[in-house]
Every structure is written in C-alpha cells, then in structure tokens.
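User: Could you take a close look at how one chain is put together, and give me the cut-offs as you go? A bit of context on overall size first would help.

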Amino acid sequence: MRSFVVRRLVQAVTVAAAVTTLTFVLIHLAPGDPLAGTMDDPRIAPSVRAHWRQVYGLDRPLPVQYVRFLTGVARGDLGFSVSYNEPVIAVIRRAVPNTLMLAGTALVLSFAAGILIAVIQVRREGTLTDRALGAISLGLYSLPDFWLAQVALLAFSYWLPIFPAGGTIDPVIHPYLGPAAAALDRVRHLVLPAVTLAALTAAWIARFQRAALLDVAADDYLRTARAKGLSEWTILVRHALRNALLPVITLFGLSLSAFVSGAVFVEKVFGWPGIGSVAVDAVGARDYPVIIACTIIGSILVAAGSLIADLLYMLADPRLRRAEGDADGGATSAVAGA
Amino acid sequence: MTVTRPSERGGAVWVPVGPRDAAPPERERRRPAYGPWRALWRRYRRDQGAVVGLAVLATIAAIIIAAPLLAAYPPDVPLDIIALKSQPPSWLHPLGTDPVSRDVLSRVLYGGRVSLAIAVLAALTAATVGTLYGAIAGYAGGAVDAIMMRVTDACLSIPRVLLLLTVAALWGRLSIGGLVLVLGFTGWFGVSRIVRGEVLALRDREWAIAARALGAGATRTLLRHILPNVASPIIVAIALGIGNVILLEAGLSFFGVGVQPPQASWGTIMQDGADQVRALWWLTVFPGLAIVTTVMAVHAVADGLRRAADPRSGYGARP
Amino acid sequence: MVLGAGCGGSGGISAGRADAGGTIVVALAADVRNLLPAYAISTQDQMVADLMFDRLADPGDSLNTVGDRGFLPRLAERWSWSADSLSITFHLDPRARWHDGVPVRATDVRFTYRLFTDTTAAVPAASQLAAIDSVTTPDSLTATFWFKHRYPEQFFDATYQMHICPEHLLRGIPTSALLASAFSKHPVGDGQFRFASWTPGSALELVADTMNYRGRPKLDRVILSISPNYGAAMAKLLAGDADLFESVHPDNLSEVRRRPDLTTIPYDDPSYGFLWFNLRTAKGTRPHPLFADRDLRRALSMAIDRAAIVRNVFDTLAYVPPGPFPRGASNADPSAPALPYDTMRADRLLDSAGWRRGSDGIRRKGARELAFTLSVPTSSKTRQQIAVLIQDQLAHVGARVTVDPMEMPVLMQRLEGHDFDAVLQNWRTDGAMDDLRQTWTTDAVRHGANYGDYANPTFDALVDSALTTSDPARVHELLHRAYTILDNDAPAVWLYQPRLVAGVHRRLHHAPFRPDAWWAHLADWSVPVADRLPRDNIGLTARTTAQAQ
C-alpha cells in the first residue's frame, strides 16, 4: 500500500511538472501580454510599457523566462501577478479557501441528495416516482452549468430577491456583524452557488448509486435477509445501501476534478472569488504566473482526488488490496478518463 | 464492468474499470460482421426512454434542417435597430429580439444548426483521434504505452475549461473549423483510455494472436480484428461527446470564445444577453432550454445505446 | 451586532460638524487595481487616489486647462507666476498633514515630481510632465516649478497630473518595488478621506479624515462595494445594498426610474469612441491596401449611420461627437465639420474609385475585395454591439466586414504593433488640448497612441500652434482648421460620446457630478439624520470595536 502511494505521488509530481510546462508554453505563445491589457490609456507612452515588460522579464526569450520561472518555483516563489499587483501566492491564498468552502459544501450536498434520490428510486423501482426522478436526474445532468447558475440568479436573486446576487459576504455590513449574524451572512451567500454546483453532480451520483443498488439487489444475502422477514426499507438501507455505497464513495475522489471545473462557471456567474474565477480572469488578462499556479492547483486536486478514490477502492475491495502491484496502478488511473 | 464518471462539465464518458476479463462476452466478439447492429437495435427498441430520446432528437434535427422554412426573419440581419431592439417575447417575435433587433426565434433555429454541426464534428474528431491514440498505445504496450498514457494523464488533469480557454487564446480568432478542432483535440483523452484498455485486453486473446500468426500485420490486426470489437463503447462515447460539446460550446461562448458575429449559435445568443440577464432574460432562458432538451435527448440515446450494447450491465457495477 | 455602536465623532476629537455622519456605499463593477496614485489608471483607481490624495491645485468645475483660471487651492493655498511665465511658485497650506500626522512639506512636492519623472519608475503620466525642467524648494512650504518653455496648459500639467505623495514613507523604497510595497496596500494620504481597509474582490473602505486641513467631510465613510461584473453591481443598487452605481445601463434605466427610493443623475463621460482605420499596415511599414485611400475612408464614414447606432446602443444618452474630443473638453469644437450620413454619396464615391459590386453584393477592384477585419475587445459589450451594426451597415454599400472580438491584452498588442485593419476604440481623456497631440499627430505614431498611423503635416502644425497659443479665440480658430483637415482626411469615424447615468439612493444629498470625476465633491455629500440607515450610524470607531471582539 505504501509503495503504491509513493508511486502515485511520484506520478502526480511528474504530471504536475508536465502540466506546468505545457501551460507555460501554450499561454506564452498566445498573443498578448499582461501589460498590454492593463495599460490601455492613450496617455501612456509606449516606452512606459516597454519599461515594465523589461521589469517583469517579458522581453526575454521564452526559454530564459521558463528557467527564471522554474528557479523561482524551486525557491517557493510563484512569481508576481501583474493584474493583482501582488505576489501570486497571496492571490492563491485568498482564493483557495473560497473554492474549498464552495466545493466542499456542494460535495456534501450532492452526495446526500444523490444517494437519497437513488434509494427512493430503487425502493420504488419501476414506478412513476422512479421514472420521474430518473428523468429529473437526466435533465439536471444535461444542463449547461453556467446557464443553471444564471437562471438560479434570475429566479432567486432578481425576480424573487431571496438571496444576494454574488460574493461570499456582504462587504459593507459583514465586518460589523456579531459571530452568529456573520455566519448567517456567509450561509446566505453560499446557498445559490453551492446548490447550483451540487445539483449538477447530484444527478450523476444518483444515476450511479441507483445502478449500484440494483446490482446488489440481486445478491444472495439480500434474499436471505428477505427470507428472515426484514422489511424492504431495512433491507435496502441496512444491507443493500451499505454494500452499494462503497463504489459510490470512490466517486468522492473522482468528483473533485468535476467540482473544480464546475466551479469555474458557477464562481464566474455568482462572482465567487475562488480559484476558478481567478483562473479565467488570469487567462483573459494574460497574467501568466497566476494561470500556471491555478493549473498546478487544479492538477494537484485531480491527482489527489484520483489517489483518494484509488485508496478507497482498495479498502472497499480486498481483491484489489492484494493486486496492488498491478502495473496499471489501481482502479482509477483507468477511470481518470473524460 | 463499467463506471461512468462526470466529464469536466457533467457529461459522462464510459470507461472500463476493473479486471479485464469482464469485457463483453466472447460469443459476440467472434462474429462481429454478423448482424450485431440488428441485435443492437432490437435491444435498443425495448428501452422506452431511449426511444423517446431518439424521437426528440429526430424532431430537433428536422426542425433545424427546416430552419429556412420555419424562421420568419433572417437570423443575422438587424430588423430595425431603434424600434425593435431588445423586445420581450410577443406574437411577432415569440422569443423576443436581441439588442441589435434580430429575431431570437430565427436565431435559435439557425443557431441550432451551428451548435449541432460543431458538436457532431468535434465529437467525431475526438473519437477518431482518441481511437487512434488509444489503439496505438494499447497495441504497442510497454514503455510506449506508459509514456502515451502519462501524456493523457497530464492533459486530463488540466480542467478542460481552462485548457480550452488557453488553447483558444493561442488560436486567436476561431472559425467554426477552428472551434471544432479545438473542441475535438481537447476531448479525445477519455476515448483514448477506453480504446487503449480494450485493445490491451484484446490484443493477447487467442484469436488476435492467431491472426498475427497467420501473417496479418499490426495495422491489419488492429483495424480488422480489434477495433470492430471496441466499436460499441466508441459509439457511446461519440454520443456522449456530442452532448458534452454542445454544453462546452455554450460554456465557451459564455467566456466570449465562440462563433464569429453576426452568426448565431445557441451559446452566442446567450452570450449576447449574458451581462443583462436581469433585463433581457429571454436571451438566456430560451437558447438554454433548446440546449437542455437536445442534450437530454442525446444522453437518453447514449444510455439506450449503452444498455443495448452491453445488456448485462446497468450503469456501474461492483468489481 | 455592533451596528449603531457609535454615532459620528471619533473618540473625543471634535467631529467638526454637528450633522456629520452617514455612509455611502458605492457599487463597483470591477476591482480597484492599486492604491498608488502614480499608477492609478482605471477610473476606480483614480477615484480612490482622488479621495485619499490631494493635488497642489484643482481645476474646479469649469475643468479649464488653460492658464490657472478657475483653479482652486488644494495643498497650495496660493501660487504666483514668474514674469516670464517660465516658473510657478506654489505656497503650501501650512495646515496640511499626512494622515499619520506628519506635515506636508515642499520636499514632498519635489519628491513626487522626481518619482513621476523617474524613468525607472515608468509612471504613466510621465510624458505629460516632460515640459517641466525641475522643482526646487526655497523653503519648507514653497515649491517652485521651472519649465523648459511656456505653453497654455503648463499650470494644468503641473497640478493635475500629480497627486502629491509622502516622501517620508516612500523615500526608502526602490522604484521597482513600489507596486509590491506595504504602502501600496495601506497608503497614507492627505485628502479628506483616509484609507481604512481593502479586501481585494470585496470592499475598500475609506473614512473621514476628521482633522483635515480642508475640513471634515460630512460623510463618515465611503465603502466601495466591489462586484466582479455589471449584473451583480446593479443588483446591489436595486437591493439597497449600495447607495450609488455610477453607470446604469440603458436597459436597466426604466427599472431604476420606477423605484421610489432611487434617483438617476446623468452626467458626461470624458471619453469618445471611434472606428479607427489603420492607414499603414505590416507594422506601419507600408500603406494599407484599403485605408491608405482617403476617398475610401470617407465613403465608409458616410455609410455609417452614427445617430442610429448611438440611439440603439445608448438610447438617448449619448452624443455623436463631431471630432476626437468629448463635449466640454478644452479642445472641443462643437462647430467642427462632420461628414454626413449619406449612403448615396458613399456609393458614388466607391463607384468612381473603381470599386465594382460583384454578384454577391461585395465590391471589388481588380482582384481585391472590399473586405476588412474590425477588431473589438471582448470586454466591451457596447463595442461588440456597435461592431455588428457597422458590419450590417457597411454591407449595404458593398463592404464585407469580419468582426473579430479579442481579449484586451491581444487588442492592445495589435494596436501597439500597428497590426490591424480597423478597430473600435474608446479613449478616455483628461480634457486637455494636449490630448490631440498624444493621439493624432505624426509625432504620436512613435511616441504616443496614434496607432492608425495618420500623418498630415498641416494638421500637426495647426495642433502645435494651438498648443502654444494663449489667446483663446486664436486657439479656437486653429483647432477649427485642424478639425476641418481631420474631417477631410477621415482617419477615423467618430462614433459616440457616452453620457452616463448614475443611480443614487434618495436619502443621500448629493453635490454636482463633475465629468472627469463624479466623486469630486463627495466630501459635500450628506445623509440627513432622519433618513439614516443602520449602516449610516456605524460611526468612526466601530471597526476597531468590531475587530476587538
């Protein structure tokens, strides 16, 4: 198990290095640079921009810039953000907790909702309820995420102004609120984005969980349980769900990457200052070091997610625990598709 | 054994997991040329949801093909930039007009052509690239396979939206062809993994070894014997890819990367109203509904195909 | 809840005004980028700089840029000109203090001048200070500006371009480290509002400087509530979470006007938008195959219905400017000639120039199609909308326009490289005549923002004369002749000068909006005691109380 984890970590670092290089090259080859966009004023002489390009080393050849960047990273310096006028690490440090709060809440919500929907569907298998819930998950599953976010905003923030239209807190009042009121303020801002993000993933989890439940439903021990005269609900929740939950739990790790991507749109629409909106803005502003830092974080999350998924998978299935030497490296390096 | 997982933005791709011996039964594989399509269709037909999905999809296809007959106005031409700008839905303009006074219904009808054409072409591109890449990796095995798969790992671990935005930035102005290529070339990683896994498992089967022993070259073995056996997961992947690309195209338009004005796609119509959702809600809501309906139908068809292709499995199964 | 903890006043120090108090929450649709006045480029940055830092003198509501007429004392309580007008001596207000209590001294003025003109600091405004030779400090309250030559706007340049910065806090910081310095995150100014806090992406808070030499502002605090996009900022105004939003889109105006608690205030924006032809292509090395031809540019200008476009995009809120200047700027000339909208004449002009319509309706001359790319920034919905309208209108006279939306950094890079066909651009000006020199003269091709390579020696000579003439009537005549040439050459199509509409909460008693800075009189805004909301009564000491908890 330990050697497996070590191997996966080495793999993750290699992948992160490759991702960094790839992003660095791609974004530097793209037209535009961070200074062009931030100094669009006729009164600014071309020489001023030229000076700042030199200060940030943007006038050097690409390999030189890359080496400079790498030596910086080696020293733990992710660079200086031109568009935020502060070190990249400060930008990241501000954004990551916001994303974690949003994605974390959505994760919990989506698993709770997804599993619940699946249990109801299986309990009522073949009925109208089952099919209606199935259609609803299919619908949720087919929504453009930014569209769902915009419609949620339109409905619950503009037409029925129940929730605020964006941000993590009320910037005006929040500093002056007591602890309870401050927490409530946070929750009010979290509801729409978190539910939007959760809805999309809940559908996927429900579909998966339903299939897993139906799969175990045919197993012998359930027949035994039925023979013992236990009620269908008890069988479903106590026995079937317990067994069918394991594969779903492995989704937990996998869904991290989905959350990272989904968060990009949801954060943008709700003005949630997390890593997703920082990344998108940085691409638009050609803020190179910020883009690279965000991609690294994204790839670390994805790697961590698939590692967690693999570990859970191995815990769940003793056969795989023994087969850890498999060259493929566990369950999810194969699942890391899409 | 299969596991679905969400793709970057919620669609799913079919990926094999777990022990290799759980691939489709030998029996089907031995006679790939004999009637599998008819059997597939027979099983597909039994699935009510899938049939409804197919019907909806056919209707949508018919509507957008008939767009010139159905659209009351030209889609790209302002009608009256002062009197008819940003009109809410009315009898004359059932879905309203946009800020430059174009009829939204006409734009949605024509935009569907663009969105769907992009989706189909990009999904096919992705499937082709992914199949070739995966087949080569799986067939070669060893170090080549390891390196090729690490490359896909790296690409996969960049959130697709960011990868797309970066590549689009690199590209500058994107024609529809460019958009197809960008979407296609960032969407093949999943397919390549499926194909690679299948090929890896199939390449050492008796009949594949036998084919090689009879003097068939690597290319021939791959094309004639192995690839036909992975056709059904690829087809499912294409179907899901279409749904996925429709969503992605809309998402990219949201970030200002989309087809060139004045042409419409479902994504760009929404983009025209994106920062005025409050005042011009019809620009966001209606094209969005068109997308949801289409993608739902596509997913229903993909589900049906999957169930029909591999009747033993539901969605996912324990290993 | 700590709301209402204090009620004006600041811990025993005299509040100065009995009715002082109140909070204004300003919704912003984009974040502040930096707090150093030297690098304030965006309007948000300029607002923060203006509120926290004073200049030597202020142009006042007349926004005059010639001589010193209408200028109001700020850090300088008075000034005097030398007999030859080659130097101006400013006498500082002895009461002026930095917010840390240190008095403002003449050495601060000299330091600021040196900082702004230091090439290693690369301050954007440096080129406007080029005519100043040096600043000397005869005594601690006197600063003298020495000029290389006389010109009408020398007083404006000496005062308007620089917010005076505190030498004692900035002296030790290398110029390259200024933007990353602690001062840039927590600036100490000398204006009527002092810095309180800034949470990037969320809020920036300023509080009244109760000891200010110009008097305490009536308001207690100004909170800039930052939203990432227009929709969220607008939602804050409509939800009552913000008191002011500076630019309500025409599409939302009716909703704001229906609201009894909100009022709308229109004001001019000192900017102008235009369709810019590139006269020389291949990075400015050879004539553009289409736009080097003056008749073609004139024909295209006449094919664009600017009035309809402005009406479509801005409703009744914008003007079509007759030249490259906003209304009210020193170089404005409302009587400047402008090409009419006349598609018949445009068609005739194109016909006679040999551009023949093909079967597809597009004109050709030999093998060349009348087709070009129109670049617009993706960040501007307005300009994207205008681009589609122009595309449609020019199609009627047989020109094929490809609209190419691109991200701002890319667009600016293309402009800088003189590498484009045509672009929709919008310039914000400071209202000075010098603006013309920086954007449209031949000199500006290399050293300014004349990215379209327009060059006409007669125009240059007229602008140069106007900039060095002090007689207003003569200046006007020179400018009028310059604009006539510009109109004749049509290097660009002047499309719009926006008129913005601010949505403001009615409980605020507001002062007049000034086009270059609506916030210029913010210290005079007030909230009647009877109309105050909880947030108006936070008081000046509340934040420390809240933090102490």
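Analyst: Radius of gyration here runs over C-alpha atoms, and the globule rule is 2.2 Å times the number of residues to the power 0.38. For the 549 residues of chain C, a compact globule would come out near 24 Å, and the chain has 25 Å, which agrees. Its C-alpha trace spans about 85 × 60 × 40 Å along the principal axes.

Housekeeping: this is a predicted model, with local features needing pLDDT of at least 70 and side-chain atom pairs pLDDT 80 or more, while totals for chains, interfaces and linings use all residues. Residues are numbered from 1 along each chain as written, chains are lettered from A and ligands numbered from 1 in written order, and side-chain values use heavy atoms, without hydrogens or water.

Now the close-up, chain A. It splits into domain 1 (2-87) and domain 2 (95-320), with bounds from an automatic or database assignment. Contact (heavy atoms within 4.5 Å) takes 26 residues from domain 1 and 19 from domain 2. Together the two domains bury about 1900 Å², 72% of it on carbon and sulfur atoms; that's accessible area (1.4 Å probe) lost on being put together, summed over both parts. Zero salt bridges turn up across this interface, the rule being a Lys or Arg side-chain nitrogen within 4 Å of an Asp or Glu carboxyl oxygen. On the domain 1 side, helix 1 of chain A gives the largest share, 12 residues; helices are DSSP runs (H or I, at least four residues).

Definitions and conventions. Helix = DSSP H or I, 4+ residues; strand = E, 2+ residues; numbered from the N terminus.
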